[in-house]
Amino acid sequence: MAKKSGFRTLVLLLFSLSIVYVNCALPPRTFDVRMYGAVADGKTDNTKAFLRTWEDACEYGGRSRFWIPRGTFLLGSISFEGSCKGSMAFLIKGTLKATTDPQQFFTDTWIGFRYLDKLTVKGGGYLDGQGAAAWPYNDCSRNSNCRTLPTTLRFDFVTNSAVNNIKSVNSKNSHINIFACHNMNISNIRLTAPANSPNTDGIHIGTSNKMKISRAVIGTGDDCIAMVSGSRDIDIDNVACGPGHGISIGSLGRSHASEFVSGISVTNSIFIGSDNGVRIKTMAPSLHSKASGLTFQNLFMRNVSNPIVIDQQYCPYQGCRIQSSSAVQIQDVTFRNIMGISRTQIAVNLQCSGALPCKNVKLINIDLGYHGRGGKAKSLCSNVIGYSYGKQIPGGCI
Ligand SMILES: *[C@@H]1O[C@H](CO)[C@@H](O)[C@H](O)[C@H]1NC(C)=O
Ligand SMILES: *[C@@H]1O[C@H](CO)[C@@H](O)[C@H](O)[C@H]1NC(C)=O
């Protein structure tokens, strides 16, 4: 009797195991937007068709392939939300085109992905933000109540995911915004907008960790990559930046006092015709915060206005001209093997806080030339504690 029930338990166990097995082995399934009514004529609004496609793809328990074939699909503001039952590949072969209708574009997101795990966005396709229709409405430099324009791709609360082989052109606002994400790889991307387009950051990251950005070509009207408070463990490698404002950490100290920045590295990258190379900026006055473990190495600067910058007196708004110090502690920063040509005479400019000087800043093998009037390249440094080793052109900073 005992033997028989043991056998029954075994059979039951094998049976339930096989259910689990079958469930895992669900084949990948493709969800083609055309099967849900999407039309690639560049005129039909495909927002509803894409949402219907997403609903089914997200419900599928195996690997879903959200399939956008070749052709031009007009798409309104849309948010693809999880959690989904299985993993999701979002495959863009064609071109997604944003609206040029001002009645529709004052929103913060064009294409959003939220609350997703194991998402991949790839396919070689284009995201055309049609920004030229919206840039004239960007008056944020003069108007503090300016209306929001949409970021092309927004990731919020996305984990263990990848973006690969995607091109974004003429975003109305930032190209890619990353918030509250963990473990993402972004590679083989090309983000472009004219040098004079307002606030078209390439990639903007905040409150996120374990990010890897590699093989990216970014030329825009704002920062190529900007990392703000709560950016931790970020590895940037093999980026070509320019035109644009360079790769920036900050501005920090404006809010989120406890969200420190740490473990950021920018390596093997080239800056061409950009306003800055690598820059750390904090507000003054500021809330208390900290940025540490920052490494910038093997960087080539070609015709860059300000190749190496720490600016703890960042104050872009009217009414913040008061002389007060930043309370953001910057420490453990390494600039190593940085060479090329500066467009202005001050090639190295480290302006740290009078209240909290920068600690353990290392300049190692710096070789930056200047070909304009006024003589050789110079450095300008204050409140910096650190070391310099190897070649130092310009020298005399620390
Ligand atoms: C990111 O890339 C690294 C190797 O470069 C790999 O080990 C890791 O699994 C990738 N993560 C994701 C989420 O794709
Ligand atoms: C340097 O960059 C500026 C601004 O991007 C550009 O106007 C200028 O033509 C560039 N000069 C060279 C020599 O590339």
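Asp, Glu, Lys and Arg count as charged, whereas Asn and Ser fall under polar, as do Gly and the others outside the nonpolar class. In these terms, the shell around ligand 1 in this predicted model holds 4 polar residues, 1 charged residue and no nonpolar ones. The residues concerned are Asn160, Ser161, Asn183, Asn185 and Lys212. Lysine counts as charged, so the charged member of this shell is Lys212.

Two strands contribute to the surroundings of ligand 1: strand E11, spanning 151-169, and strand E13, spanning 182-192, each provide at least two residues of the shell. A polar contact was found at asparagine 185, where a polar side-chain atom is 2.3 Å from an oxygen atom of ligand 1. On its own, ligand 1 has an accessible area of 360 Å², of which the protein covers 42%.

Ligand 2 is surrounded by Gly273, Asn303 and Arg343. Each of these residues was examined for its contact with the ligand. For glycine 273, the atom involved belongs to the backbone: this polar atom is 3.2 Å from an oxygen atom of ligand 2. For asparagine 303, a polar atom of the side chain lies 2.4 Å from an oxygen atom of the ligand. The side chain of arginine 343 has an N or O atom at 3.1 Å from an oxygen atom of ligand 2. The accessible area of ligand 2 taken alone is 360 Å², and the protein buries 29% of this area.

The whole structure was also searched for cavities, and 2 of 30 Å³ or more were found. The largest has a volume of about 70 Å³. Its lining consists of Leu75, Gly76, Ser77, Ala98, Thr99, Gln104, Phe105, Thr107, Thr109, Trp110, Pro150 and Lys172. Two or more of the lining residues come from helix H3 (102-105), and likewise from strand E8 (109-117). By class, the lining of the largest cavity comprises 5 nonpolar, 6 polar and 1 charged residues.

The second largest cavity has a volume of about 40 Å³. Among the residues that line this cavity are Val348, Leu363, Ile366, Ser388 and Gln392, together with the run Pro394, Gly395, Gly396, Cys397 and Ile398. Strand E25 (358-370) supplies at least two of the lining residues, and strand E27 (384-393) does likewise. The lining of the second largest cavity has 6 nonpolar and 4 polar residues, and no charged residue.

Technical notes:
Residues numbered from 1 in each chain as written. Chains lettered and ligands numbered in written order. Predicted model: local features only at pLDDT ≥ 70, side-chain atom pairs only at ≥ 80, totals over all residues. Heavy atoms only, no water. Near = heavy atom within 4 Å. Polar contact = N/O pair within 3.5 Å; in protein donor to acceptor, adjacent residues only side chain to side chain. Areas by Shrake-Rupley, 256 points an atom, 1.4 Å probe, with all protein chains shown as cover. Helix = DSSP H or I, 4+ residues; strand = E, 2+ residues; numbered from the N terminus. 1 Å grid on protein atoms, 1.4 Å probe; cavity = no way out; pocket = protein on both sides within 12 Å on 5 of 7 lines; lining within 4 Å. Points joined across faces, edges and corners; volume = space filled by probe spheres on them.
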